[in-house]
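Colleague: I should like to go through this structure with you and ask about the reasons behind the terms used for it. Please show it first.

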There are 2 protein chains.
Amino acid sequence: MSAFTERILRASRSSRSLVCVGLDPDPAVMPVEDVFQFNREIVSATADVACAYKPNLAFYEALGHDGLKALDRTIAHIRDAAEHAVIIGDAKRGDIGPSARAYSKAMFEVWGFDAITVNAWGGADSVVPFIENPDHGVFVWCRGSNPGSGDFQDLETIGGSALPLYQRMAIACSEWNIQGNVGLVVGATVPEQLAAVRELCPEMPLLIPGVGAQGGDLEGAVRAGVDSAGRLALVNSSRGIIYASREADFATAAGRAAQQLRDAINARLEEDGLGWPSS
Amino acid sequence: MSAFTERILRASRSSRSLVCVGLDPDPAVMPVEDVFQFNREIVSATADVACAYKPNLAFYEALGHDGLKALDRTIAHIRDAAEHAVIIGDAKRGDIGPSARAYSKAMFEVWGFDAITVNAWGGADSVVPFIENPDHGVFVWCRGSNPGSGDFQDLETIGGSALPLYQRMAIACSEWNIQGNVGLVVGATVPEQLAAVRELCPEMPLLIPGVGAQGGDLEGAVRAGVDSAGRLALVNSSRGIIYASREADFATAAGRAAQQLRDAINARLEEDGLGWPSS
């Protein structure tokens, strides 16, 4: 087992959870003004029931230098308050050669993420620079949770056998995954595609957005997304947790929403005999 | 003609140039330590012969907050020293829904780019949020200059007629281009694909990386990339210009390299009767 998958399994075991909390702070919706204060309270309230946090860089970049400073402080607070948690930079970066190496430096050395999301439109050249160090994990965007993801990702491709493009992406990623530090992003809204990817990549971690606000079917996503041991799936909810309440009780509400999501996932695992060992 | 294509044509006319200077500051190679000083001297030395500048965000992000502050100052200096020039944020951002809207805010409102590069793996949902405002231009990454770009972009796809994926991308982009603010990125290293895209999208601006350090064939790229009037192609060189000398004369050398590139492109245009009108 690779250092990266072991890191994910350890995070899940300590929290008995497959929940990833998406930290997408939006001043138009946040009940407090300060991004760091918002994140800090959300993280503290969910630390026991989350195995991962996923700040989406778009929301921090939209706030300029101040937003990026709040991201710095958020990462430090997660390390402090949820030591076990994997921190995934949802950056969807994708470029080639020296540019990809510069992004890799930014994401893993400057920000210090454990893993990031990557866009592999540029092929091997756009993924390899991120995975040369086995301690750095990536989740390659394979099949999105949005309707438009089908525009290209579902196109049937010729070459050997006819396969939809997202399956070729999954196969390519499993070929690049020599050091065991590559995972895939597949939406909860497309359980059939999720099941197909899990079958092609039985041992790779999957990051699964689209439950909660995006309306993905949780039960189907859990069953299709976990590995044979009921692990290595990170089920992400962003708005469903962080905006569970838009009032002063937002942190308590976020904690409750994350716990409900964890419990619902764990109930499915238990039904299939894949629950957490008694502690 | 759209505001965006008119903006590009105006920039080309004032500089009699199709040259885009890529600003990829790399401390391991730069002859001076300070990123802003480096960029400022490069921009001042090339202002007369460049129609566009393309800072690649990867290189600034790799330097953390200080790098991003240098980017701020660089953009301000370009506005000042090369008023005519189009500033393209080479960000290759791609995400969906609220995340794409947040990136759009970051790129056009926080940074203030005239245009950015976009990765459209997520389909229409990953492009539309960037082009709702007709003053904002995008160049969608269609066919890269790197060998790995072929991994997915050249795959034959079924559906109607069999077409390589990059051509489907070009067709989709021309369908999304209702407001005339969508362009495409196609590498100079693949002149056949460049010609195919130009044929599919006769009136869209093309951003063409890969001449210079990446070894693309300039003559072939110019002939294949320009529109029927010999315009709307931005031929980018980064390392070939900014690292033309790695000594104290780097700015002078950059100015000379940019001028040589402009002259070589203009010679091709003149041969085809598409030169600049005498001023």
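Modeller: Let us begin with a rule: an angle over 145 degrees between two axes counts as roughly antiparallel. Please note as well that this is a predicted model.

Colleague: Why are α4(A) and α4(B) called roughly antiparallel to each other?

Modeller: The axes of helix α4 (residues 64-81) of chain A and helix α4 (residues 64-81) of chain B cross at roughly 170°. That angle is over 145, the cut-off for the term, and therefore α4(A) and α4(B) are roughly antiparallel. Their axes come within 11 Å.

Colleague: Which residues make the contact of α4(A) with α4(B)?

Modeller: On α4(A) they are A:H65, A:L68, A:K69 and A:D72, and on α4(B) they are B:H65, B:L68, B:K69 and B:D72. By class, two residues of this contact are nonpolar, two are polar and four are charged.

Colleague: What makes the two copies related as by a two-fold rotation axis?

Modeller: A turn of 180° with a shift of 0.0 Å along the axis lays chain A on chain B, with an RMSD of 0.0 Å. The copies are thus related as by a two-fold rotation axis. In chain A, the C-alpha nearest this axis belongs to A:T157, 2.1 Å from the axis.

Colleague: How do you know that the copies meet through the same surface?

Modeller: Of the interface residues of chain A, 100% are also interface residues in chain B, so the surface is the same in both copies.

Colleague: What makes a space count as a cavity, and how many are there of 30 Å³ or more?

Modeller: A 1.4 Å probe must fit in the space but be unable to get out. By this rule there is one cavity of 30 Å³ or more. The largest cavity has a volume of about 120 Å³.

Colleague: Which residues are the closest to the centre of the largest cavity?

Modeller: They are A:E61, A:L68, A:W111, B:E61 and B:L68, out of 13 lining residues. The lining has six nonpolar, three polar and four charged residues, and α4(B) gives the most to it, with three residues.

Note on methods:
Residues are numbered from 1 along each chain as its sequence is written. Chains are lettered from A and ligands numbered from 1 in the order in which they are written. This is a predicted model: local features need pLDDT of at least 70, side-chain atom pairs count only at pLDDT 80 or more; totals for chains, interfaces and linings use all residues. Side-chain values use heavy atoms; hydrogens and water are left out. Axes are lines fitted to C-alpha atoms, for helices over the stretch in contact, and angles run from 0 to 180 degrees between N-to-C directions. Helices (H or I, at least four residues) and strands (E, at least two) are DSSP runs, numbered from the N terminus. Angles under 35 degrees count as roughly parallel, over 145 as roughly antiparallel, 65 to 115 as roughly perpendicular and the rest as oblique. Contact means heavy atoms within 4.5 Å. Ala, Val, Leu, Ile, Met, Phe, Trp, Tyr, Cys and Pro count as nonpolar, Asp, Glu, Lys and Arg as charged, and the others, Gly among them, as polar. Copies are superposed by least squares on the C-alpha atoms of residues with pLDDT of at least 70 in both. On a 1 Å grid over the protein atoms alone, a cavity is a set of points where a 1.4 Å probe fits but cannot get out, and a pocket is an open set with protein on both sides within 12 Å along at least five of seven lines; lining residues have an atom within 4 Å of a point. Grid points are joined across faces, edges and corners, and a volume is the space filled by probe spheres set on the points.
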